[in-house]
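Student: Could you walk me through this one before I set anything up? I'd like to start with the ligand site and then move on to the rest.

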Amino acid sequence: MSKAIAFAEYGSPDVLRLTEVTPPEPGPGQVRIRVRAASVNPFDMKIRSGRMATAAPAHFPVIPGLDAAGIVDAVGEGAHVAVGDEVLGSTPGGSYSEYALLDRPVAKPSALSFEAAASLVTVGQTAQRVLAQLGVEPGQTLLVHGAGGSVGFVAVQLAVAHGATIVATAGEHDLERVTALGATTVRYGDGWVDRVKAAAPNGVDRVFDTSGAGVLAESVALAGDSAKVITIADMSAAEHGVRFSAGGGDQSGVSLAELARLAADGKLTIPVWRTYPLAEAAQAQADLEARRNHGKAVLIP
Ligand SMILES: NC(=O)c1ccc[n+]([C@@H]2O[C@H](COP(=O)([O-])OP(=O)(O)OC[C@H]3O[C@@H](n4cnc5c(N)ncnc54)[C@H](OP(=O)(O)O)[C@@H]3O)[C@@H](O)[C@H]2O)c1
């Protein structure tokens, strides 16, 4: 038996309980890892709270968590890694656990910490996917909403490296760290449209909304076309003719391997904010829900 965090009903972080489970057996193409780090994503809280009960009903008990990094402990048929390899990837059955399955494990470069590796999976692949969907080109101006957050912080870096000019919105407390990435950063909240116009007098070519904070109507007006705006967090996207982008990275794992290499080479900073012991998963989720974080919370089983 091994330890995992699970919940058997929707509710506040208190429904998360430390429990004993049988480690899962890897199927074809999968591996089981001894989890060294599991990152907490806002999606975990959306599932736990019941906010997504209609779109994605839970089958209780649920072990939360999308992403993990760890050491391969058992290998399913056809998986191209070996016992003892250090890997990262997406977990089909939850990552808040001592042992987890990975569907398409990617080798973890030794220079990349387990914490950063686990933090990279959903965040990095989402940032990379949306920049490709927006068709951001060198020389274009991209507005990123929520650049102090995990996806936004990575998206800014990838877009800067691609040669785009970035205007970003962030909280007062995040202005400095986002500006240090090479973005012109303005404070979110009332008056943000005027601040963006002042920062980008020639307009913006594309908009990436990671905030879900009700910025789509003004963003469409700024970009001049709803097709130039994508959100990953605003459920009212369709009302504005805006694409809601969902889904993981490419199925081959190539993009995740590239992201891991960039991070290991120091060309991509993964915003790891805090680590927590596995047993403190409820506190980690509560901290994120209270918006105390500036980057990823990571559980260490
Ligand atoms: N569709 C997908 O594929 C996908 C994938 C990953 C994530 N997501 C979703 O995308 C969202 C962001 O994820 P994340 O991991 O980056 O979360 P995160 O780290 O919590 O970042 C959210 C950021 O938005 C900022 N924010 C709050 N109000 C804002 C406003 N009015 N204008 C601009 N920024 C504002 C927050 O600032 P403060 O810290 O000041 O509050 C925070 O920095 C979440 O809703 C998540 O569920 C979707």
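Student: Which residues come nearest to the ligand?

Tutor: This is a predicted model, and in it 24 residues surround the ligand, of which Lys-46, His-173, Tyr-188, Ser-245 and Arg-291 come nearest.

Student: And which oxygen or nitrogen atoms of the ligand have a polar partner in the protein?

Tutor: I can give you three pairs, starting with the side chains: a polar side-chain atom of Tyr-188 is placed 2.5 Å from an oxygen atom of the ligand, and a polar side-chain atom of His-173 is 2.8 Å from a ligand oxygen atom. For Ile-232 the contact is made by the backbone, with an N or O atom 3.2 Å from a nitrogen atom of the ligand.

Student: How much of the ligand does the protein bury?

Tutor: The ligand taken alone exposes 930 Å², and the protein buries 83% of that area.

Student: Which elements give two or more residues to the shell?

Tutor: Those elements are helix H1 (42-49), helix H2 (114-134) and helix H3 (150-161). Sorted by class, the shell holds nine nonpolar, 12 polar and three charged residues.

Student: Where does the ligand lie relative to the domains?

Tutor: The ligand lies between domain 1 (2-121 + 270-300) and domain 2 (123-244), because both of them give residues to the shell around it.

Student: Back to Arg-291 for a second, buried or exposed?

Tutor: Arg-291 counts as exposed, because its relative accessible area is 62%, over the 50% cut-off. Arg-291 sits in the loop between helix H8 (281-289) and strand E15 (296-300), and its phi is near 60 degrees, a positive value in a residue other than glycine. As background, most residues other than glycine have a negative phi.

Student: OK, new topic: which residues touch the most other members in the largest nonpolar core?

Tutor: That core has 46 residues, and Leu-88, Leu-120, Leu-142, Ile-166, Phe-208 and Leu-268 are the ones that touch the most other members. At least two residues each are supplied by H2, strand E8 (141-145), H3, strand E9 (165-170), helix H4 (175-179) and helix H7 (254-264), and the largest share, 11 residues, comes from H2. Both domain 1 (2-121 + 270-300) and domain 2 (123-244) contribute, with at least three residues drawn from each.

Student: You mentioned H7, so what about Leu-256 there, buried or exposed?

Tutor: Leu-256, which is found in helix H7, is buried, because its relative accessible area is 3%, under the 20% cut-off. The C-alpha atoms of Leu-256 and Gly-89 are separated by 8.1 Å, although these residues are 167 residues apart along the chain.

Student: Where is Thr-210, and which backbone oxygens lie by its side chain?

Tutor: Thr-210 belongs to the loop between strand E11 (206-209) and helix H6 (216-223), and a polar atom of its side chain is 2.6 Å from the backbone oxygen of His-145. The backbone oxygen of Gly-146 is 3.3 Å from a polar side-chain atom of Thr-210. With 15% relative accessibility, Thr-210 counts as buried.

Student: Last one: which residues does a cis peptide bond join?

Tutor: The cis peptide bond joins Phe-60 and Pro-61, with an omega of about -5 degrees, and Pro-61 lies in the loop between H1 and strand E4 (67-75). For context, most peptide bonds are trans.

Note on methods. Residues numbered from 1 in each chain as written. Predicted model: local features only at pLDDT ≥ 70, side-chain atom pairs only at ≥ 80, totals over all residues. Heavy atoms only, no water. Near = heavy atom within 4 Å. Polar contact = N/O pair within 3.5 Å; in protein donor to acceptor, adjacent residues only side chain to side chain. Areas by Shrake-Rupley, 256 points an atom, 1.4 Å probe, with all protein chains shown as cover. Helix = DSSP H or I, 4+ residues; strand = E, 2+ residues; numbered from the N terminus. Nonpolar A, V, L, I, M, F, W, Y, C, P; charged D, E, K, R; others polar. Domains from an automatic or database assignment. Core = buried A, V, L, I, M, F, W, Y, C linked by side-chain atoms within 4.5 Å. Buried < 20%, exposed > 50% of the residue type's maximum accessible area, 1.4 Å probe, protein only.
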